[in-house]
Each structure stands twice: as C-alpha cells, then as structure tokens.
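Open the viewer and get ready to select. This tour goes stop by stop, and each stop tells you what is there.

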Amino acid sequence: MFEIEVNNKIIEAVPGETILSAVTRAGIKVPTLCYMKDLAPSGACRICVVEVDGMKTLVPSCSYPVQEGMKIHTNSKRAIRARKTVIELLLANHPDDCLYCVRNGNCRLQGLAEEYGIRERRFPSSKKKDHMLDATSPSIIRDQAKCILCGKCVRVCEEIQNVAAIDFVKRGSKTVIAPAFEQSLNVSSCINCGQCVLACPTGALREKSSLREVDEALHDKDKYVVIQHAPAVSVTLAEEFGLRPGVDINGLMVAALRQLGFKKIFDTSFSADLTIMEEASELVHRVTTGGKLPMMTSCSPGWIKYVEQFYPDFIDNLSTCKSPQQMLGAIIKSYFAEKEGIDPEKIFSVSIMPCVAKKFEAARPEMGRNNIFDIDAVLTTREVARLIKMAGIDFDSLTPETADLPFGTRSTAGKLFGGTGGVMEAAIRTAHYMITGKELKSLMVEDVRGLKGVKEAKVKIGDLEVGVAVVSGVGNASKILEEIKNGRKDLHFIEVMTCPGGCIAGGGQPLSTDQESIKARLHALYNIDHSETLRTSHKNKDVQKLYDEFLKEPLGHKSHELLHTHYIKREVLS
Ligand code: SF4
Ligand code: SF4
Ligand code: SF4
C-alpha cells in the first residue's frame, strides 16, 4: 500500500489498481457510465475523468493506474465541465423521449443529466440515430436511437456469456451496436439471456413486453386466465417497489395478482418439485443403465440454445425434462383443464419469470400439443411490477394470500431453483431418497451453495460416488464443456444456469446487478429453506397426488408426452 492525495485528503492505494478503485474504496464517488466491475476497463465514455496535478489532460479514472504521491481532484471545475460536455454531446445524439421510455426514472443517462444540471440542448440535434427498432427477437427489443455506444452489452455478451452475438459495427459517426452483418437479433447467435438488458444504462435494450396481451386476456370474458410465478420472483419483486433486496413478498404478490383478476395463481416451485421427480429419475436411470453422462440440466432456456448452437455434440447430455414453466403450462392445459371441465383452448396461461429467454422458450414450436401452446404469455419480474403499478394496487393495503391448489404447494427444494446450485441441491436430496430409500442426513448441500461461477463436489449416494458441477453464466459452462471434450470423465451431473448467479440475477429481474443485492436475494431463498419443514420434492403431497391421479409414475407414458421434450442443432450466423 502507498498513500495518494484525493481532494486534499490522504487515502491508501494498492500498487497497480486504478484511481477509480482506490477512491471508491475510500468512499469518494466518481460517476461512471461504461465501467463494469470485474471486467477490463474500456475507458470509452470519459464520464469518470479526474484531474491529476502535473498532468496536462484529464485522465479516465476507471483505467488510469495510481502512482505513489499522486494528487487527484475528482470534482475540480475542469473535471465537472468535461463530464457535463460529454453528457451534452450524448444528449445531442439522443431522442427527447423520456416520457415514453421504459427506463424513465431508472436511466443512467437521464440521472447524469439531472445530476449535472443540464436543462437545455447545447449542441444541435444529430440525425445519426435515425434507426429502425429491431423487434424481431422474441425476448429483446433493440432501440439504436437510445444507444450511447458505451459497449457494456458487447462486453457482457462476449466476456461473461461467451456468445458474442453483438458488436460495434461500422466506424465514426456511423458506428452502431448490431449482430454480424447488421442482421436482426432473431437470426443471430443471441441466446436471449437478457444480461445485456441488465447492463444497458439506457432504454436502448429492453424486454419485449407481453403486458398488452395479458391485459387483453384479463378483460376477455371468454378467457380463463391463470398465472404462475417462478421461484426467484417473490424475493426480487419488492425491489421494484423500493424495498431492499432479499425481502420475500410471496404472500403480498399472490394477493396483488388476485386483485389483478387472475382466476388461479399457481406456484412454479410446485412444478420445480415435479421437475425434480422427473429429472432425478432420469439421472438415476442414466447412472444405473449406462446412459449418456454427464447429464446436464435443461431448465434454463438460454443454456439450451447455447448448446444447440455452439455444442450440438452435447445435445444428448441434456436432460429431456421441460423446464418447470413449461411443465406447469402443460399440466394446466391437460390435468387441470380436465379436472375443472375447462376447454384448454379457453385457458390463457401466463407466467412471471426472472428471465427474458423464457419468452423464447414458451414460443418454441415443440412446447405444446395439438396447436395449443403450454404457455401463452411470459411476463418478467419488471413487467409484473408495471402491471401492479398500473392497476394502482397498494401493497400496504393487502393481506398476504397463498397460491391456489392443486399447484400451490411447494417444497423449499423447489424454491431453491431460484438460485445457482438450487436444482442440484433439490435433485441430490431426491436422488438420494430414490436410490437408498432414506433421506440425506443433512439436507443442506453446502458445496453447491454460494455465488461462485463454478462449484464442484463429490456426493456419496449409497455406494455411488456422484461427481457434480454447478455452473452459472454460460461463459463458465463452455469451460467445463471443453474439459469434457478433452477427456474429463469424473462428472455425472451438471447444473447450468444461463445467468451468473442463476434466476435471482436473470435478465428479467430488477436492474440492480451489484453483488450485494444478488447475495441478499440468494440468502432469502436459503432462509426459506432453513425455516420451513417441507424440504424435499418427493415429499410434496400434491405432486404425489398428481402422479396418483394422472401421471402414474415418473418417466411414464404421460410424463413423456407432457413433461419431456427434444432439442435441435442450430446453425449460427457468424
Ligand atoms: S434512454 Fe433514458 S434519456 Fe433516453 S429517452 Fe429513455 S429515459 Fe430518456
Ligand atoms: S441477450 Fe444475451 S446473448 Fe443475446 S445479445 Fe444480450 S447478452 Fe448477448
Ligand atoms: S445498447 Fe445499451 S449497453 Fe449497448 S452500447 Fe448501447 S447503450 Fe451501451
């Protein structure tokens, strides 16, 4: 450590770190726009410039290294004027569209314009951004007019997700962010993860909204509108209403959905339990009969598309189980429709998901039967918050409610699906019971918990030693796939979640991506698991009833027809 002087105050700095890193640790705020923690700095936007004594030019604090004895001024007149000019130049190229923009009130550019007191357009408006919207993707809308070329989406897509579906195209004032050959996103290698949407500081990237369809269905007397909510949603929705991360508002959320007019509110954690019954059975079957190993989870649709495009040789390693969203959708339009005497064509099935890739998944042609889709509309956590706000529902006036039977009961194992490692932990609990007839001594599988991108463990199940890996962020998954390609043989089961951290940090979640918020969300799931008594999927009485009354047995005929699927090799545009 050595000392530097910042704003006439002495602070400590670590050799090799950047000015931004040192001043942030000391609690001194410098605004940033293109900066991304844990990724190499690009220094593209110049918002974070600071003045250093003895230097003629301002330096970008995100990429400039500290030197012993440096005297830095983060808020000198020159630095503030330069930042203001950068913002004014960005605004010159930007539509005055805030009132209509999905990011109104939650936009970094708008926030900076406010912080720096910009009240007029100083530079003449440019026509550079006169671009068409790209609304071709089932999950994401790209609005180039609002793009400030910060490059965060490009870096997330390439450096974290290892997809590289988008990049800077053309030069100078013609530069845009686009897929290869400026094609539209739907024909690119985009896996619909939405991590770029979380990274984008403006409204240039957003989810493709299904609010209008849902609203129309809710007002259509001929439709029976049901909704399911994914495990991660109840521990993140509160953030959209100003509460701190990690507050579980399950009961209030159900009450709000009931006020919105949904006929039935089901819990996707129920079908996570169902998924575990099918997936653990499939794993046991593969392990005991010499089936394709390692088996890989299939509940994260971005990961499925990633394998289909980049690693088609591993398609047979994917579990054939549909995701919990799709399983519940299929069961609602078969078992539930039959039981309640409702024509499946009249059921409009909505899901609230942490993920924009779920919109893509629901639209896959294999996700339905007889021209009836399992799921009719997918809302992200952000969209459902908008729906609740539009209806003027005040959480303070609500009394918590529970989800509806027959798909309202869940184990905490099903709830754990919301975070990285959760599927694995739930599967290990049930696979142990299926193989040994006994419950695990300690249900908590410590080795697969936490936010690390790759976690590995050896799990003893009876006489078997099962090698497991838990991966989140498809960029991390590619590293394991390469190892297996190169001969690695000690893994039997791999959980992969497309988004770093799993569904709690999915592309449809509240926009905060700082690690403390994600940790708080994950711990909310762990707290639920530690505080309740129904902790294994195979003990869920309503899942057992579904098998008794309808499915008969895991991997049986009906399960194959409704709960399992297949995957296709996809060509990639490059
Ligand atoms: S992206 Fe931000 S600044 Fe641009 S229109 Fe939307 S809210 Fe306004
Ligand atoms: S959704 Fe994911 S894969 Fe597609 S462009 Fe964004 S980051 Fe890349
Ligand atoms: S789309 Fe968003 S994240 Fe990507 S460069 Fe433009 S403003 Fe930045």
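Start with two domains: the C-alpha centres of domain 2 and domain 3 lie 30 Å apart. The contact between them draws on 21 residues of domain 2 and 27 residues of domain 3. Keep in mind that this is a predicted model.

**Stop 1: the domains.** Colour the protein chain in three parts. Domain 1 covers 2–75, domain 2 covers 91–207, and domain 3 covers 212–563.

**Stop 2: the interface.** Show the surfaces of domain 2 and domain 3. Together they bury about 1800 Å². Carbon and sulfur atoms account for 58% of that area. Now select Ile191, Leu198 and Glu207 in domain 2. These residues lose the most area to domain 3, and together they make up 35% of what the domain 2 side buries.

**Stop 3: a salt bridge.** How many salt bridges are counted between domain 2 and domain 3? The count is two. Stay on Glu207 and add Arg386. These residues form a salt bridge, with their closest N and O atoms 2.9 Å apart.

**Stop 4: ligand 2.** Go back to Ile191, which is also one of the residues around ligand 2. Add Cys157, Cys190, Cys193 and Cys196, which are among the others there. Ile140, Val163 and Ile166 belong to this shell too, as do Asn192 and Gly194. By class, the shell has eight nonpolar and two polar residues, with no charged ones.

**Stop 5: ligand 3.** Select Cys147, Cys150, Cys153 and Cys200, which are among the residues surrounding ligand 3. Ile148, Leu149, Ile177 and Leu205 are also included. This shell divides into ten nonpolar and two polar residues, and none is charged.

**Stop 6: ligand 1.** Ligand 1 sits in the second largest pocket. Its surroundings include His94, Cys98, Cys101 and Cys107. Which classes make up this shell? Three residues are nonpolar, five are polar and three are charged. Finish by selecting Asp97, Arg103 and Lys146, which also surround ligand 1. Thr202 is in this shell, and Thr202 also appears around ligand 3.

Definitions and conventions: Residues are numbered from 1 along each chain as its sequence is written. Chains are lettered from A and ligands numbered from 1 in the order in which they are written. This is a predicted model: local features need pLDDT of at least 70, side-chain atom pairs count only at pLDDT 80 or more; totals for chains, interfaces and linings use all residues. Side-chain values use heavy atoms; hydrogens and water are left out. A residue is near a molecule or strand if one of its heavy atoms lies within 4 Å of it. Ala, Val, Leu, Ile, Met, Phe, Trp, Tyr, Cys and Pro count as nonpolar, Asp, Glu, Lys and Arg as charged, and the others, Gly among them, as polar. On a 1 Å grid over the protein atoms alone, a cavity is a set of points where a 1.4 Å probe fits but cannot get out, and a pocket is an open set with protein on both sides within 12 Å along at least five of seven lines; lining residues have an atom within 4 Å of a point. A molecule sits in a cavity or pocket if more than half of its atoms lie within 2 Å of its grid points. Domain bounds come from an automatic or database domain assignment. Contact means heavy atoms within 4.5 Å. Buried area is the accessible area (1.4 Å probe) that two parts lose on being put together, summed over both. A salt bridge is a side-chain nitrogen of Lys or Arg within 4 Å of a carboxyl oxygen of Asp or Glu.
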